[in-house]
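Biologist: Please take a close look at one strand in the middle of the chain and at what lies around that strand. I should like an account that a first-year student can follow from one step to the next.

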Amino acid sequence: METAKISNMYTLEETIAADLFKGAEYPWEVLSKISTFILELGAKLDPEKYEKRGENVWVAKSAEVASSAFIGGPAIIDEDAQIRHCAFIRGNAIVGKGAVVGNSTELKNVVLFNKVQVPHYNYVGDSILGFKAHMGAGSITSNVKSDKTLVVVKDKEEQIATGLKKFGAMLGDNVEVGCNSVLNPGTVVGKGSQIYPVSCVRGVVAPGSIYKKQGEIVKKRD
């Protein structure tokens with residue numbers, strides 16, 4: 001399943017968490033390691049650039065954090081990030097350089113690469129969002145199947161059993177998700193793809209695609 005491989009999804013130079021992905025082939029393999037990685041990395045961060053706020057929360061001094069936002073640890077907020085009004089970061093979260101976590105957005109067990117935007121009423125859980133990925137207002141990752149069975153990533157006839165009960169979405173670099181879309185458990189969206197608003201997405205979307213609806217996915221024009 002080439003589309004879903006880390007090497008084809010992400011620019012690792014665009015995250016403070018690059019070492020988290022070492023030795024992994026697919027991005028969901030690191031979801032269970034985010035917490036431990038944050039604790040190890042946080043202890044090594046330059047105190048001239050980052051300050052520790054509360055238990056196991058490290059925030060870059062150049063980041064903007066609204067007084068109404070909540071950041072639970074372990075978490076790292078990287079340089080020039082914006083954590084806006086009433087953002088709710090539940091823990092196990094890495095927010096990249098220049099990323100935006102907006103009004104009433106909730107994060108849990110995630111890696112947001114640099115310049116990611118989840119600016120309006122988003123839920124992002126058990127997910128990894130690549131460089132400059134953007135989720136429109138109200139779009140969410142659904143991270144648990146309704147029947148509570150383990151998540152399987154499906155790309156046509158090819159399937160990979162993840163062994164995970166909680167798995168939201170893996171979005172590659174420069175992915176655009178339209179407003180009020182739902183990314184179902186096990187969704188993988190390749191680099192540079194676009195999801196139409198009010199979509200219900202599942203499975204693997206090839207890079208450079210436009211997802212109009214289930215069964216109607218077209219390649220972007222050059």
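Modeller: Two strands are said to pair if DSSP finds at least two bridges between them. With that term in hand, the strand chosen here is strand 10, made up of residues 106-112. The model is a predicted one, and every value below was computed from it.

The setting comes first. The chain contains two helices and 25 strands. Its radius of gyration is 16 Å, close to the 17 Å that the globule rule gives for 222 residues, so the chain is as compact as a globular protein of that length. Along its principal axes, the C-alpha trace spans about 50 × 40 × 35 Å. Of the 222 residues, 51% are buried. Among contacts with a separation of 6 or more, 31% are between residues 24 or more positions apart.

Within this setting, strand 10 is largely enclosed by the rest of the structure, because six of its seven residues are buried. The strands that pair with strand 10 can be taken in the order of their residue numbers. Strand 7, residues 88-89, runs parallel to strand 10 and is joined to it by two bridges. Here I89 stands opposite L107 of strand 10. Strand 8, residues 93-95, also pairs with strand 10 in the parallel sense, over three bridges. In this pairing A93 is placed opposite V110 of strand 10.

Strand 12, residues 123-129, is a further parallel partner, and six bridges connect it with strand 10. Two of the residue pairs can be named. L107, already met opposite I89, has V124 as its bridge partner in strand 12. V111 has I128 as its bridge partner in strand 12. L107 therefore shows how a residue of strand 10 can have a partner in strand 7 and another in strand 12, under the rule that two strands pair if there are at least two bridges between them.

Strand 12 is itself mostly covered, with seven of its seven residues buried. The parallel pairing also continues beyond strand 12: two bridges link strand 12 to strand 17, residues 169-171. At this point L129 stands opposite L171 of strand 17. A path can thus be traced from strand 10 to strand 12 and from strand 12 to strand 17.

Just after strand 10, the chain enters the loop between strand 10 and strand 11 (117-120), where F113 is found. What is the ring of F113 paired with? Six aromatic pairs are counted in the model. In one of them, the ring centres of F21 and F113 are 5.9 Å apart and their planes meet at 55 degrees, so the pair is tilted. F21 lies in the loop between helix 1 (6-9) and helix 2 (34-42), and the pair links distant parts of the chain, 92 residues apart. Both F21 and F113 are buried. Together with Y10, these two residues form one aromatic cluster.

Another aromatic pair offers a contrast in angle. The rings of Y26 and W28 have centres 4.8 Å apart and planes at 5 degrees, so this pair is stacked. Y26 and W28 are both buried. W28 has a further role in the packing: in the largest nonpolar core, which has 67 residues, W28 and V95 touch the most other members. V95 falls within strand 8 (residues 93-95), one of the strands paired with strand 10. Leaving out residues up to four places away in sequence, W28 touches A4, V153, I160, T162, L164, F167, M170 and V188. Of these, M170 is within the range of strand 17, residues 169-171.

Finally, one may ask what the cysteines contribute. A disulfide is a covalent bond between the sulfur atoms of two cysteines. The count of disulfides here is zero. The sulfur of C179 has its closest cysteine sulfur in C200, 16 Å away, which is too far for a bond. C179 is partly exposed, at a relative accessible area of 36%, and C200 is likewise partly exposed, at 42%.

To return to the part requested, strand 10 has six buried residues out of seven and parallel pairings with strand 7, strand 8 and strand 12.

Conventions
Residues are numbered from 1 along each chain as its sequence is written. This is a predicted model: local features need pLDDT of at least 70, side-chain atom pairs count only at pLDDT 80 or more; totals for chains, interfaces and linings use all residues. Side-chain values use heavy atoms; hydrogens and water are left out. A disulfide is a pair of cysteine sulfur atoms within 2.5 Å. Buried means under 20% relative accessible area, exposed over 50%, partly exposed in between (1.4 Å probe, protein chains only). A nonpolar core is a set of buried Ala, Val, Leu, Ile, Met, Phe, Trp, Tyr and Cys residues joined through side-chain atoms within 4.5 Å. Contact means heavy atoms within 4.5 Å. Helices (H or I, at least four residues) and strands (E, at least two) are DSSP runs, numbered from the N terminus. Rings of Phe, Tyr and Trp (its six-membered ring) pair if their centres lie within 6.5 Å; planes under 30 degrees apart count as stacked, over 60 as edge-to-face and the rest as tilted. The radius of gyration is taken over C-alpha atoms; the globule rule is 2.2 Å times the number of residues to the power 0.38.
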